[in-house]
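User: I would like to learn how to read the features of a model like this one. Can we go through it step by step?

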Amino acid sequence: MSGDGGAGTRVGFIGLGDMGAPMAKQLLGWSGGLTVCDTRAEAVQPFTDAGADAAASPAELAAKCGVVCIAVVNDRQVRTVLTGENGVLSTAAPGTVVAVHSTIGDESAGEFARLCAERDVELVDAPISGGAAGANSGRLAVMVGGSESAVAAVREPFGCFADLVLHAGEVGAGTRMKLARNLLHFISFTAATEAQRLAEAAGLDIAALGKVVRHSDAVTGGAGSIMLRETTAPIEDGDFWLPILTHVRELGEKDLSLALELGSRMGTELPLATLALSRLGAGLGVGQGAISAGWQPPVASAQRDRPGAAGASRGSIGEQGVTAAGQQNDTATAQNDSKETE
């Protein structure tokens, strides 16, 4: 069975769960035909009703298909699908390309690729990003690790459920990119919970806050709007990005310091905000800003009534604010796609 990925290549899809089912649904119109496999008959039925073939086992599926997509839960299940009784590798013909869409360990991806190579089968680790909404609309991003030939074999069928198919590098690179992407995702979720606590403590409607966040992120691109450089090294004088990301730092340090002051008044701890204030500038490559460099934790609200405490919190910000404001004015006119992040 050829794995050249052309329109005549039959595609097999193993695992019709929350992500696998909508991905496989996009392949129903694939000209080479679709064969599906899942342990649950009720998951398979809609596909056979729509004209797809069904296989009773991964081995039966692999015997018919030049490209085999796997979307199961974890490393253990991928191993079972590949090497277990009636597994893919018991029948896959030389030249078959196996694509693992599950988020697994990058070292596991390398091991699975070696097992496939023993049968002259190529493996790509091809985790996806975009969730069920992206799968249902055919707008997933797929990060692919593997050889040039293997990526070429899967690019066209992947295009049925993804509008971004990115060759990340060798086997394992797709998984490493997915882990970095999800690091941002779930740290952002944790930051969102911190923002909700602050808003709730301040008497705000946190559902309304969520509406604002989703709206503005759709316009600005959210955190991804700063991910444009090819390196994380410090930015040198004269670099195009220096005034832009310096401006981002100044906005960020100002707003983070104000949020921390509000949190202090509300009695709400904001550990991620504190960490972000100390690391934002260095992370952007422009170094620490004036506000962060001079930052002192605000006086807790319980201490404010003590003699001499009045204005202490505001002073720690305000003393730095003049410098920061001046620096902002210097960069405000710079061309800056991230200026709306405020």
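User: Which residue stands opposite cysteine 69 in S4?

Analyst: Phenylalanine 13 does. This is a predicted model, so read each value as computed from the prediction. The strand pairing behind that position joins strand S1 (residues 11-14) to S4. The two run parallel, with four bridges.

User: What pairs with S4 over four bridges in the parallel sense, apart from S1?

Analyst: Strand S5 (residues 97-100) does. In that pairing, valine 68 stands opposite valine 98. To get from S4 to S5, the chain passes through helix H4 (residues 75-83). That β-α-β crossover is right-handed.

User: Are the residues on the two faces of S4 buried or exposed?

Analyst: Check each face in turn. On one side, Val67 and Cys69 are buried. On the other, Val68 and Ile70 are buried. Both faces of strand S4 (residues 67-70) are therefore covered, given that buried means under 20% relative accessible area.

User: Where is threonine 35, and what does it touch?

Analyst: Threonine 35 lies in strand S2 (residues 34-37). It is buried, with a relative accessible area of 0%. Leave out residues up to four places away in sequence, and its contacts include Val11, Gly12 and Phe13. Asp53, Ala54 and Ala55 are also among them, as are Leu61 and Cys65.

User: Let us try a loop. Where is serine 57 found?

Analyst: Serine 57 sits in the loop between strand S3 (53-54) and helix H3 (58-62). At 13% relative accessibility, it counts as buried. Beyond residues up to four places away in sequence, serine 57 touches Cys37 and Asn86.

User: Now the cores. Which residues touch the most other members of the largest nonpolar core?

Analyst: That core has 33 residues. Phe13, Leu16, Val142, Val144, Phe158 and Phe161 touch the most other members. Helix H7 (residues 148-158) gives the largest share of this core, five residues. Another core lies apart from it, with 24 residues. Val72, Val78, Val88 and Val121 are among its members.

User: What does valine 142 touch?

Analyst: Again, skip residues up to four places away in sequence. Its contacts then include Phe158, Phe161 and Ala162, along with Ala126, Pro127 and Ile128. Leu164, Val165 and Leu166 are also on the list. One of these is a strand partner: valine 142 stands opposite valine 165 in S9.

User: How many bridges pair S8 with S9?

Analyst: Six, in the parallel sense. Strand S8 covers residues 140-145, and strand S9 covers residues 162-169. The chain crosses from S8 through H7 to S9. This β-α-β crossover is right-handed.

User: How do I read aromatic pairs, and how many does the structure hold?

Analyst: Use two values: the distance of the ring centres and the angle of the planes. The structure holds three aromatic pairs. Take phenylalanine 158 and phenylalanine 161: their ring centres are 5.5 Å apart and their planes are at 40°, so this pair is tilted. Both phenylalanine 158 and phenylalanine 161 are buried.

User: What is the geometry of the pair formed by phenylalanine 186 and phenylalanine 189?

Analyst: Edge-to-face. The distance is 5.4 Å centre to centre, with 85° between the planes. Phenylalanine 186 and phenylalanine 189 are three residues apart in helix H8 (residues 173-201), so about one helical turn separates them. Phenylalanine 186 counts as partly exposed, at 46% relative accessibility. Phenylalanine 189 is also partly exposed, at 45%.

User: How many disulfides does a search of the whole structure find?

Analyst: Zero. Take cysteine 160: the nearest cysteine sulfur, that of cysteine 69, is 9.7 Å away. A disulfide needs the sulfur atoms within 2.5 Å, so cysteine 160 is in none. Cysteine 160 counts as partly exposed, at 22% relative accessibility. Cysteine 116, by contrast, is buried, with a relative accessible area of 0%.

User: Last, the whole chain. How many helices and strands does it have?

Analyst: It has 13 helices and nine strands. Of its 342 residues, 42% are buried. For contacts, look at pairs with a separation of 6 or more: residues 24 or more positions apart account for 65% of those.

Key:
Residues numbered from 1 in each chain as written. Predicted model: local features only at pLDDT ≥ 70, side-chain atom pairs only at ≥ 80, totals over all residues. Heavy atoms only, no water. Buried < 20%, exposed > 50% of the residue type's maximum accessible area, 1.4 Å probe, protein only. Phe/Tyr/Trp six-rings, centres within 6.5 Å; stacked < 30°, edge-to-face > 60°. Core = buried A, V, L, I, M, F, W, Y, C linked by side-chain atoms within 4.5 Å. Contact = heavy atoms within 4.5 Å. Pairing = 2+ DSSP bridges. Right-handed = clockwise from strand over helix to strand, strands pointing away.
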